[in-house]
Amino acid sequence: MEEFDYVIVGGGTAGSVLANRLTEDPDVRVCVLEAGGAWIPGNVDAAAAWVTLWGTGVDWAYQSVPQPALGGRVTNEPRGRMPGGSSNMYIMMHVRGHPSDFDNWAYQGAAGWSHADLLPYFQRLESQEDPVDGVNGTGGPQPVTNAGLHEPNPLSRTFIDACVEVGYPETPDFNGPRMLGAGWHHLDVVEGRRRGTLSSYLEPALDRPNLTLRTDAQATALKFSGRRCVGVEYRQQAAAEPEGEGRTLPADRAEPGIRTVNAAVEVIVASGAIESPKLLLLSGIGDPRHLREFGIPVVAESPGVGENFHNHVLTGLVAETKEPVAPAKQNLSESALFTTSEPGMVAPDLQLAFVHVPFDLIVGKQHPNAVSILPGVVRPQSRGWVRLASADPFAKPLVNPNYLGDASDARRLVQAVRLSREIFAASAFSRHLTGELLPGPAVQTDAELHAFVRDRADSYHHQAGSCRMGIDDRSVVDPRLRVHGVTGLRVVDASVMPAVPSGNCHTAIVAIAERAADLIKEDNRA
């Protein structure tokens, strides 16, 4: 039987970090099982081409169940299906989150995950070109650039000026001492090319003889001896033919069919906030009532698996420009505003991102010279779930983000739409814009704006929380990310977050994986 020290299920954002850090010891054998193929499309590397990957063969292309608070609409939930995972599809904003996000994790029972605990890991991962007050890392594997220093779109600066005009401070770095305010994004982009965990962590480790990346290998079940996880069952598929420009990673494949790989030390599930709870459920870890629906024997009773699932939620305003908009040189979203919905809040719950293209594709076809503000709620109260649709391991799970399910999220999103209008109406924008295209001047009253967000609210692509860490009965992993009720098994990805951070969450996932690598080494030191 094939055996490694560690088997990592998922070669995405967290899995790439773990693969790199665990194989720093040449005596440690690591196998990464990745459901996607070894082919990386060329558009992965083009910073402005992220939207072209949605709905393609490298996207899991999940859809939500009908969302009651969105009038029964179904939302698209793209997630990366390839080495590097969603690190190849995110929009490359380098945002850690507010310090209170992580302090709240610790207050809720996740000891060791306060901001002070995580700060060294943020610094370890970063190589920032313009550090602020010594709080940023400068020697890490992840290059971090300031969008304002690399020929940004001129209207991105106009957005910052408009925010200052209506009363918001300008901040030099959302990851610095003051997150609240308007400013330039820091980006995981170098010279117009994406630098996610594929290029920063996984690819540099692929020539190590103690790392095996096995692609086209979708996990179907975790294997147990009693309550100890000892391996992973997976389906090995044949490689698909490459399409278009791109590159093929050096990867390993077993013979096609259902196969098993054993873990002498641990199995680490790093499949993301949708696939990680699905794999636990398929393997008998979950709410016994849900498992009995599909005849799955219970290995460990864990009612929180798949619960607490949530996501940031956004919508979009579009305004037409008087002149053609300059073409993108970075990621299309270079500046933003973080603010609060109420005075006295210590951390932002609203994020307004400026995007120098039309947010709506249909509007964009009719009005190609347009820009957008994407108002979003980044401390949502709504919680949903991920559940099995069947016992078939290849069936997509049921995904319920419960967008705007809590009325406060809808109220705050309407408030953010009004604020976006105020920014577009500032004199800084007046010489550039001809008028609002979406939602349009006919939408004015509270009722009309609530109807607009119900009809237009959408995923912010920051799915989290479905294998929450903690010490209570409904947590799934302990503060060292070990799955409750079994041994030899951890979860390391966005699913362990008790609450998603206040901003784009890719950087926090990398920090989680960096710290998890240290925890794993500590726990298994000879």
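R214 lies in strand 12, which spans residues 211-214. The model described here is predicted. R214 counts as buried because its relative accessibility is 4%, and the cut-off for burial is under 20%. The side chain of R214 makes a polar contact with the side chain of E2, at 2.7 Å. E2 also appears among the residues that R214 touches beyond four places in sequence. That list further holds V32, L33 and E34, then Y234 and Q236, and finally D252, R253 and A254.

Salt bridges were examined next. The structure holds 35 of them. One joins the side chains of E514 and R21, with an N to O distance of 2.8 Å. The two partners come from distant parts of the chain, 493 residues apart. E514 belongs to helix 12 (residues 506-523), and R21 belongs to helix 1 (residues 13-22). Both partners are buried: E514 has a relative accessibility of 0%, and R21 has a relative accessible area of 13%.

Helix 12 also supplies K521, whose partner E24 sits in the loop between helix 1 and strand 2 (30-33), so this pair ties together parts that are 497 residues apart in sequence. The side chains of K521 and E24 meet in a salt bridge of 3.1 Å, N to O. Neither residue of this pair is buried. K521 counts as partly exposed because its relative accessibility is 30%. E24 counts as partly exposed as well, at 39% relative accessibility.

A further salt bridge connects the side chains of D101 and R379, at 2.5 Å from N to O. D101 lies in helix 2 (residues 99-107), while R379 lies in the loop between strand 24 (370-377) and strand 25 (384-387), so the bridge ties together parts that are 278 residues apart in sequence. D101 counts as buried, with a relative accessibility of 5%.

Salt bridges also form a network. Its members are E266, D478, R480, R482, R490, E522 and D523.

Aromatic contacts were considered as well. The count comes to 8 aromatic pairs. One of them is formed by F102 and W105. The arrangement is edge-to-face, with 85 degrees between the planes and 5.1 Å from centre to centre. Planes over 60 degrees apart count as edge-to-face, so the angle of this pair places it in that class. F102 and W105 both lie in helix 2, the helix that also holds D101. The two aromatic residues are 3 residues apart, about one turn of the helix. Both are buried: F102 has a relative accessibility of 0%, and W105 has one of 1%.

Elsewhere, ring pairs link several phenylalanines into a cluster. The members are F159, F354, F424 and F429.

Arginines also lie over aromatic rings. R235 lies over the face of F394, at 3.7 Å from the ring centre. R515 is placed over the face of W113, at 4.6 Å from the ring centre.

Taken by element, helix 2 holds D101, a partner in a salt bridge with R379, and the ring pair of F102 and W105. Helix 12 holds E514, which bridges to R21 of helix 1, and K521, which bridges to E24. Strand 12 holds the buried R214, whose side chain is joined to that of E2 by a polar contact.

Technical notes:
Residues numbered from 1 in each chain as written. Predicted model: local features only at pLDDT ≥ 70, side-chain atom pairs only at ≥ 80, totals over all residues. Heavy atoms only, no water. Helix = DSSP H or I, 4+ residues; strand = E, 2+ residues; numbered from the N terminus. Buried < 20%, exposed > 50% of the residue type's maximum accessible area, 1.4 Å probe, protein only. Polar contact = N/O pair within 3.5 Å; in protein donor to acceptor, adjacent residues only side chain to side chain. Contact = heavy atoms within 4.5 Å. Salt bridge = Lys/Arg side-chain N within 4 Å of Asp/Glu carboxyl O. Phe/Tyr/Trp six-rings, centres within 6.5 Å; stacked < 30°, edge-to-face > 60°. Lys NZ or Arg CZ within 6 Å of the ring centre and 35° of its normal.
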